[in-house]
Amino acid sequence: MKFVVIGGDAAGMSAASRAKRHVPDMDVMVLEKTNDVSYSACGMPYNIADPARNMDDLVVRSAEVFRNELSIDLRLGHTVEQIDRLAKKVRGTTSEGAAFEVEYDKLLIATGASPSVLDVPGNDLDGVVTLKSLEDGRVLKDYIQRLQVQRVMIVGIGYIGMEMAEAYRALGIRVDMTKPGQRLLPWMPEEIAKVIQQELLNQGVMLHLGAALEKIERSDGGLKLIFSNHEAVEVQMVLMGVGIKPNSGLAADAGLELGPANSIAVDKRLRTSDPDIYAAGDCADAFNVITGRRVWVPLALRANRAGWAVADNLRGEAPELPGIVGTAVFKVFGLEIARTGLSVKEARDEGFDPVEEVITSSTRAHRHPGSGTIHVALVGDRKTGRLLGGVMVGTEGAAHRINAVAVALHAGMTVAEFCQCDLAYAPPFSPVWDPALTAGNQLLKAMG
């Protein structure tokens with residue numbers, strides 16, 4: 001079998017490596033358009049915060065390891081431009097400009113996602129950057145040093161934006177952040193979002209909320225951002241952090257079915273609408289365990305797991321992935337921020353009758369040294385009693401506590417069942433009643 005993979009990051013290299021390990025005589029080829037494979041993109045903000053670290057520290061396995069130890073035909077600088085489904089070939093161009101053509105028996109599209117850039121004049125000026133690939137990280141780190149950046153504007157206040165705000169502040173750089181709406185993280189209860197907003201302000205981050213960015217211009221100081229309220233801000237760097245979009249153009253051009261947000265539609269075995277073509281990683285959709293509907297939520301664990309599943313399907317094991325609940329966590333200064341499942345709005349849009357309860361608790365037992373504050377919100381369905389989702393924000397413990405809620409969602413638990421879970425207790429780790437259980441008990445009362 002000739003197994004060809006387009007894309008050499010998490011999903012692509014997971015699939016290629018597992019396929020080769022399980023079937024050593026399989027002909028496995030990976031075509032990657034950049035010169036980087038198998039790296040920890042999620043670690044880039046923390047790497048950028050440390051000038052002494054090289055960006056290549058984030059490479060998990062080098063191309064040579066895949067080639068020499070696993071005998072994978074890994075070709076860097078190979079951009080695939082066409083999938084010919086009838087001939088079962090892919091065609092493209094190398095970084096040197098040479099055309100290539102490769103036949104396949106089975107094909108995996110693992111092309112990932114690209115950063116979105118706000119469509120405003122000046123979005124292509126030198127000093128306007130994005131952060132998605134390892135090369136993006138190298139460019140950004142070089143700009144900081146070369147331009148002697150003293151002030152940066154982050155456009156967008158999402159996961160990457162807030163992680164990068166902390167990284168810039170660690171380097172002594174003044175940080176401004178902007179979004180056209182007034183609320184941070186609209187999927188989160190407002191009272192918890194305000195806790196995050198206050199943390200940003202406490203750390204010296206200037207927030208520009210409620211006005212749209214209209215254009216970016218050159219200025220004597222570097223770059224000038226002009227807003228719809230006529231405010232003008234001068235900085236040396238602009239980081240676009242307004243989200244990402246799936247790289248599904250190859251699939252669309254080949255006539256494959258697309259899913260939410262134009263991601264590539266796959267079944268639970270990662271097959272596209274063509275039985276000989278799979279898709280996995282940030283370019284592909286998934287099924288939401290709670291609703292059963294297709295969703296596009298790009299997640300690192302899902303990408304690696306999906307790559308494994310593709311490799312297993314190639315050798316006839318045919319495992320199905322049940323889906324995701326959208327569990328995510330990130331850190332901003334002294335806060336851990338975690339979520340899983342559906343927000344109130346998402347639940348209502350899916351036809352549930354959602355009820356939400358928000359509590360504030362201690363991260364450790366009463367008066368135990370080092371105790372901090374944690375805010376927990378849980379969402380349940382009044383009609384069925386089912387647990388639907390949760391958000392946690394705290395100085396510690398949120399990142400791990402959210403996993404209990406995620407497991408409950410995968411198990412289809414009701415709020416009442418979740419409240420009876422036997423969660424661990426010891427004074428250095430939790431009050432006797434874990435904050436998640438306290439929130440569950442309050443939600444149960446609110447649901448009647």
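Modeller: A salt bridge is a side-chain nitrogen of Lys or Arg within 4 Å of a carboxyl oxygen of Asp or Glu, and in this predicted model Arg18, Asp312, Arg315 and Glu317 are linked in a network of such bridges.

Colleague: How many salt bridges does the count come to by this rule?

Modeller: The count comes to 30 salt bridges.

Colleague: Why is the pair of aspartate 274 and arginine 85 called a salt bridge?

Modeller: The N to O distance between the side chains of aspartate 274 and arginine 85 is 2.9 Å, and the rule asks for a nitrogen within 4 Å of a carboxyl oxygen, so the pair meets the definition. Aspartate 274 lies in the loop between helix H7 and strand S18, while arginine 85 lies in the loop between strand S4 and strand S5, so the pair ties together parts that are 189 residues apart in sequence.

Colleague: What makes aspartate 274 buried or exposed?

Modeller: Aspartate 274 has a relative accessibility of 9%, and buried means under 20%, so aspartate 274 counts as buried. Arginine 85, with a relative accessible area of 31%, falls in between 20% and 50%, and is therefore called partly exposed.

Colleague: How do you know that glutamate 350 and arginine 293 form a salt bridge?

Modeller: The closest N and O atoms of glutamate 350 and arginine 293 are 2.5 Å apart, which is within 4 Å, so the pair is counted as a salt bridge. Because glutamate 350 sits in the loop between helix H9 and strand S23 and arginine 293 in the loop between strand S19 and strand S20, the pair ties together parts that are 57 residues apart in sequence.

Key. Residues numbered from 1 in each chain as written. Predicted model: local features only at pLDDT ≥ 70, side-chain atom pairs only at ≥ 80, totals over all residues. Heavy atoms only, no water. Helix = DSSP H or I, 4+ residues; strand = E, 2+ residues; numbered from the N terminus. Buried < 20%, exposed > 50% of the residue type's maximum accessible area, 1.4 Å probe, protein only.
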